[in-house]
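This report is meant for a reader who is meeting the structure for the first time. It looks at the strands, then at the helices, and ends with two single residues.

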Amino acid sequence: MKDLVSRCPIEEAMQVIGGRWPTLLIYYLKDGTKRFSDLRRDNPTVSHRILALELRKLERAGIVRRTVFEGYPLRVEYDLTPAGLSVVPLIDALGDWWEAIDTAHPAPRTKTAAKEAAVL
């Protein structure tokens, strides 16, 4: 993780939930407990390594709880802690905000479309 520039609570929060994957993981976990493979299915473009790193980061921050069940094969489940559940309304509000402005000002969705829009 990068060093904090200030002690601003927004900067600290964004260090934990900022980036491509953390908010998506919280979004998919809001519906309940999921296994690692479920989260991979929900986010097919995330690599195994990155998914594991992001889940560990959220676990260290107290947002995600990891439960290991004994037996063979080993079973691991992830769910949101109370702190994680308290973030869900913020993520939902962010999604609502984006849908509102996205319909008013559609943005390119693909890299190719973004390049074409940049040329125009």
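## Strands and their pairing

Two strands are said to pair if DSSP finds at least two bridges between them. The model described here is a predicted one, and in it the strands S2 and S3 form a hairpin, with five residues between them. Within the turn of this hairpin, Gly71 has a positive phi of about 120°. Strand S2 and strand S3, the latter covering residues 75-80, are joined over six bridges and pair in the antiparallel sense. Two positions show how these strands face each other: Arg65 stands opposite Asp79 in S3, and Phe69 stands opposite Arg75 in S3.

The hairpin belongs to an open sheet of three strands, whose order is S1-S3-S2 and whose pairing is antiparallel. The edge strands are S1, at 34-35, and S2, at 64-69, each of which pairs on one side only. S1 is joined to S3 by two bridges, and these strands run antiparallel; on this side of the sheet, Arg35 has Glu77 in S3 as its bridge partner. S3 itself is mostly covered, since five of its six residues are buried.

## Helix H2 and the sheet

Helix H2 packs on the sheet, where it touches S1, S2 and S3, and its direction makes about 95° with that of S3. The buried residues of this helix are Pro22, Leu25, Ile26 and Leu29. These residues cover an arc of only 100° around the axis, and therefore they lie on the same side of H2.

## Helix H2 and helix H4

Two packed helices are described by the angle between their axes and the distance between the axes. For H2, which spans residues 22-29, and H4, which spans residues 48-60, the axes come within 10 Å and cross at roughly 75°. Because angles of 65 to 115 degrees count as roughly perpendicular, H2 is described as roughly perpendicular to H4.

On the H2 side, the contact is made by Pro22, Leu25 and Ile26, while H4 contributes Leu51, Glu54, Leu55, Lys57 and Leu58. Sorted by class, the contact of H2 with H4 has six nonpolar residues and two charged residues, with no polar ones.

## Two residues in detail

Glu54 has its place in helix H4. Is Glu54 buried or exposed? Its relative accessibility is 16%, and because buried means under 20%, Glu54 counts as buried. When its neighbours within four places in sequence are left aside, Glu54 is in contact with Trp21, Pro22 and Leu25. Pro22 and Leu25 are also among the buried residues of H2, and Glu54 is itself one of the residues through which H4 makes its contact with H2.

Val68, in turn, has its place in strand S2. At 41% relative accessibility, Val68 counts as partly exposed. Which residues does Val68 touch, if those up to four places away in sequence are not counted? Val68 touches Leu74, Arg75 and Val76. Arg75 is also the residue of S3 that Phe69 stands opposite. Val68 and Tyr78 are 10 residues apart along the chain, and their C-alpha atoms are separated by 9.0 Å.

Technical notes
Residues numbered from 1 in each chain as written. Predicted model: local features only at pLDDT ≥ 70, side-chain atom pairs only at ≥ 80, totals over all residues. Heavy atoms only, no water. Axes fitted to C-alpha atoms, helices over the stretch in contact; angles between N-to-C directions. Helix = DSSP H or I, 4+ residues; strand = E, 2+ residues; numbered from the N terminus. Parallel < 35°, antiparallel > 145°, perpendicular 65-115°, else oblique. Contact = heavy atoms within 4.5 Å. Nonpolar A, V, L, I, M, F, W, Y, C, P; charged D, E, K, R; others polar. Buried < 20%, exposed > 50% of the residue type's maximum accessible area, 1.4 Å probe, protein only. Arc of directions from axis to C-beta.
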